[in-house]
Amino acid sequence: MNIKASLPLAGRTHALEKSVINVGGVAIGGGQPVFIAGPCSIESLAQIRAVAHAVQGYAHILRGGAFKPRTSPYSFQGLAEEGLAMLQAAGREVGMPTVSEVVSPEDVDLVAEYVDMLQIGARNMQNYPLLRKVGRLRKPVLLKRGMAATIEEWLLSAEYIMSEGNPNVVLCERGIRTFETLTRNTLDISAVPLVRELSHLPVVVDPSHAAGKWNLVEPLALAAIAAGADGLMVEVHPRPETALSDGPQSLLPERYCQLVESAKAVHKLVNRRQRHA
Ligand code: PEP
Ligand code: MN
């Protein structure tokens, strides 16, 4: 199959500029990297407020999960609507738009009431009824790549959302499953330049779920920016050792702020090189 021909909406035609997606006043794909940060799960109002204040001035968009797609049914499943209200309150307090995951079509309208962007997680990248449902909204959608999905399958999932009428899709590479066991997933850096060639949609990278370990997050994040990513989504927790999900891959806020500074420096360097090329 000819990839470009199968993507009438998500594909990049030579005449088309890159899409810029507006998330509550923050432009993703506009040339400056966008930083999305927050805990894996919203655990309490105090926790999400602590993260929001700690990353204010560094991150542009606040994340936090309230509906968690956990591998085990016995793991913490999220605070649902109560958590969304906490995320919204914390975001408003610091003036940051928000993003949170939706895992089932019945919850789409509820989640959309509270957040500025809806996240479709890796496990739901091919949940077609869910894709069609978020496609009937106008709110931006952060579409994560499935852990065993090819780039073409991922772009076809974006096409599902867009074909329902919602053009506001941001792609998110978060690592794919390989034979390697020392990382949680393997970050597919090549997906970044490939997607930029095949599609006009912005692409951000989530190094946290790719790495699985906090000390690998910064090197992967910098590599993603160097490869041309339009932004980064990173998990940040004020006390990772007590986190109810994904503590081992969560950064302390201070380290996160340093990462943002380094990422901006890498972006500046790569941009300068491109201008001189
Ligand atoms: C998350 O962002 O917390 C998450 C569950 O990510 P993924 O769907 O990439 O595993
Ligand atoms: Mn997580």
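**Exercise 1. The largest pocket**

Work out the volume of the largest pocket in this predicted model, then describe its lining.

*Solution.* Start with the volume: the largest pocket comes to about 250 Å³. Next, look at what surrounds it: 19 residues form the lining, and the closest to the centre are Pro 69, Arg 123, Arg 184, His 209 and Asp 246. Finally, sort the lining by class, which gives nine charged, seven polar and three nonpolar residues.

**Exercise 2. Asp 246, one of the pocket residues**

Find where Asp 246 sits, decide whether it is buried or exposed, and check its phi.

*Solution.* First, place it: Asp 246 belongs to the loop that runs between strand 10 (231-235) and helix 9 (253-276). Then take the accessibility: the cut-off for buried is under 20%, and Asp 246 has 17%, so it counts as buried. Last, the backbone: phi of Asp 246 is near 55°, a positive value even though the residue isn't a glycine.

**Exercise 3. Asp 206 and its partner**

Which side chain does Asp 206 meet in a polar contact, and what else does Asp 206 touch?

*Solution.* Begin with the setting: Asp 206 is in the loop between strand 9 (203-205) and helix 7 (207-211). With a relative accessibility of 1%, Asp 206 counts as buried. Now the partner: the side chains of Asp 206 and His 209 are joined by a polar contact of 2.7 Å. His 209 has already turned up among the residues closest to the centre of the largest pocket. To finish, skip residues up to four places away in sequence; Asp 206 then touches Lys 144, Cys 172, Glu 173, Arg 174 and Met 233.

**Exercise 4. The buried sides of two helices**

List the buried residues of helix 1 and helix 6, and work out how they are arranged around each axis.

*Solution.* Take helix 1 (residues 45-55) to begin: its buried residues are Gln 47, Ile 48, Val 51, Ala 52 and Val 55. These cover an arc of only 130° around the axis, so they sit on the same side of helix 1. After helix 1 comes Gly 57, with a positive phi near 90°.

Now helix 6 (residues 191-198), where Ala 191, Val 192, Val 195 and Leu 198 are buried. Their arc is only 140°, so they too share the same side of helix 6. As for what they meet, the buried residues of helix 6 pack against helix 5 (151-163), strand 8 (169-173) and strand 9.

**Exercise 5. Val 170 in strand 8**

How far apart are Val 170 and Val 203 in sequence and in space, and which residues is Val 170 in contact with?

*Solution.* Val 170 lies in strand 8, and at 0% relative accessibility it counts as buried. Count along the chain and Val 170 and Val 203 are 33 residues apart, yet C-alpha to C-alpha the gap is 5.9 Å. For the contacts, leave aside neighbours within four places in sequence: Val 170 then meets Ile 21, Ile 28, Met 117, Val 141, Leu 142, Leu 143, Pro 202 and Val 204.

**Exercise 6. Two partly exposed helix residues**

Describe the surroundings of Ser 262 and the backbone of Ala 80.

*Solution.* Ser 262 is in helix 9 and is partly exposed, at 25% relative accessible area. Not counting residues up to four places away, Ser 262 touches Glu 218 and Leu 222. Its C-alpha is 10.0 Å from that of Pro 219, 43 residues apart along the chain.

Turn to Ala 80, which lies in helix 2 (residues 80-94). Ala 80 is partly exposed as well, with a relative accessible area of 25%. Its phi is positive, about 50°, although Ala 80 is not a glycine.

Key:
Residues numbered from 1 in each chain as written. Chains lettered and ligands numbered in written order. Predicted model: local features only at pLDDT ≥ 70, side-chain atom pairs only at ≥ 80, totals over all residues. Heavy atoms only, no water. 1 Å grid on protein atoms, 1.4 Å probe; cavity = no way out; pocket = protein on both sides within 12 Å on 5 of 7 lines; lining within 4 Å. Points joined across faces, edges and corners; volume = space filled by probe spheres on them. Nonpolar A, V, L, I, M, F, W, Y, C, P; charged D, E, K, R; others polar. Buried < 20%, exposed > 50% of the residue type's maximum accessible area, 1.4 Å probe, protein only. Helix = DSSP H or I, 4+ residues; strand = E, 2+ residues; numbered from the N terminus. Arc of directions from axis to C-beta. Polar contact = N/O pair within 3.5 Å; in protein donor to acceptor, adjacent residues only side chain to side chain. Contact = heavy atoms within 4.5 Å.
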